[in-house]
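Me: I have a structure in front of me that is new to me, and I would like to go through it slowly by question and answer. Could you take my questions one at a time and show the reasoning behind each reply?

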Amino acid sequence: MSTDRRISTQTHGHVRMIGLDRAAKRNAFDLAMLRQLAEAVTDYEDDPNLRCAVLFAHGEHFTAGLDLAEVGPAVARGERLFPDGTVDPLGLYGRVRQKPLLLAVQGYCLTLGIELLLAADVRIAASDARFGQIEIKRGIFPFGGATLRLPQVAGWGNAMRWLLTGDMFDAAEALRIGLVQEVVEPGKQVERAAEIAATIAAQAPLGVRATLSTARTTLERGPAAALATMMDEVRAIMGSDDAREGMQSFVERRAARFSGS
């Protein structure tokens, strides 16, 4: 397996930019690229200075999906696609990401690309993006979360329309069904995602994480499970330095300066 770098990273303030960097192969994921993505997301998760991340792609396309010639046999052998102890970028097994992640996509966004979108928190697409959950055309079915999340995001009929046919659809349809939140001019998707990420990173980190946690619990286990712990969480945060800073900034009519404590 090649050790060439397939993932780029840059840091801007409290925001980590994570780039798919195998443009010559339309950013198709082989085993090395899957491993490196998990490591990059884990590094973001574990760095206390980082508050938000953007996953984007170099080149014309976000991703052509999995390199099935290499990944398919590994899956058939029962191998793990992401290293033990790392954050699963798909949010299915092992460590679960606790910090927010945004995606910016363009060109082809196929199979795993859609599943990465579904695992993210906010999704931006260029108007030239083309989507396809095409596993059904390859004799298999999606196993990275699409069958779990697309019905939840898009509704049953919309999800089955695309999952059962493997047909391609455009950015306007992705926006209509809720797969993405904004569609922008080609070339502007990363800039727009970075703008939103900077806004999120300026908020109180404890509150951001609690918001993600409560919303995720509601989706996965229902409102009752979220309510069971919500007041305990908010009471704990009310005693934080950030909560005091938030109140003080309100009184002083200035932007808050949150520390994450």
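Me: Is D30 buried or exposed in this model, and what is its relative accessibility?
Reply: The model is a predicted one, and the values given here are computed from it. Buried means a relative accessible area under 20%, and D30 falls in that class because its relative accessibility is 3%. D30 is therefore buried, at 3%.

Me: Which residue forms a salt bridge with D30, and how far apart are the closest N and O atoms?
Reply: The partner of D30 is R22, and R22 is itself buried, with a relative accessible area of 14%. A salt bridge requires a side-chain nitrogen of Lys or Arg within 4 Å of a carboxyl oxygen of Asp or Glu. The closest N and O atoms of R22 and D30 meet that limit, being 3.5 Å apart.

Me: How exposed are the two partners of the salt bridge between D167 and R161, and how far apart are their closest N and O atoms?
Reply: D167 counts as partly exposed, at 28% relative accessibility, and R161 is also partly exposed, at 38%. The closest N and O atoms of this salt bridge are separated by 3.0 Å.

Me: Where do R235 and D232 lie, and by how much of a helical turn are they separated?
Reply: R235 and D232 form a salt bridge whose closest N and O atoms are 3.4 Å apart, and both residues are exposed. They lie in helix α9, which covers residues 223–238. Because they are three residues apart in that helix, their separation is about one helical turn.

Me: Which residues are joined into one network by salt bridges that share partners?
Reply: The count of salt bridges in this model comes to 18, and one of them is that of R22 with D30. Through shared partners, salt bridges join these two residues with others into one network, whose members are R6, R22, D30 and D67.

Me: What is the nearest side chain of opposite charge to K99, and how far away is it?
Reply: K99 lies in the loop between α2 (68–76) and β4 (101–105), and it is buried yet has no salt bridge. A salt bridge would need the charged atoms within 4 Å, whereas the nearest side chain of opposite charge, that of E45, is 5.8 Å away.

Me: Which backbone oxygen lies 2.7 Å from a polar atom of the side chain of K99?
Reply: The contacts of K99 beyond its neighbours within four places in sequence include Y44, E45, D47, P48 and L50. The K99 side chain reaches the backbone oxygen of E45 at 3.3 Å. The backbone oxygen that lies 2.7 Å from a polar atom of this side chain is that of L50.

Me: What is the order of the strands in the open sheet of six strands?
Reply: The pairing in this sheet is mixed: β1 and β2 run antiparallel, joined by six bridges, while β2 (residues 15–20) and β3 (residues 52–57) pair in the parallel sense. The open sheet has the order β1-β2-β3-β4-β6-β9. Its edge strands, each pairing on one side only, are β1 (7–12) and β9 (182–184).

Me: Which strands of the sheet does helix α1 touch, and what angle does its direction make with that of β2?
Reply: Helix α1, residues 31–46, packs on the sheet and touches β1, β2 and β3. The direction of α1 makes an angle with that of β2 of about 175°.

Definitions and conventions:
Residues are numbered from 1 along each chain as its sequence is written. This is a predicted model: local features need pLDDT of at least 70, side-chain atom pairs count only at pLDDT 80 or more; totals for chains, interfaces and linings use all residues. Side-chain values use heavy atoms; hydrogens and water are left out. Helices (H or I, at least four residues) and strands (E, at least two) are DSSP runs, numbered from the N terminus. Buried means under 20% relative accessible area, exposed over 50%, partly exposed in between (1.4 Å probe, protein chains only). Lys and Arg count as positive and Asp and Glu as negative; His and the chain ends are not counted. A polar contact is a pair of N or O atoms within 3.5 Å; within protein, one must be able to donate a hydrogen and the other to accept it, and residues adjacent in sequence count only if both atoms are side-chain atoms. Contact means heavy atoms within 4.5 Å. Two strands pair if DSSP finds at least two bridges between them. Axes are lines fitted to C-alpha atoms, for helices over the stretch in contact, and angles run from 0 to 180 degrees between N-to-C directions.
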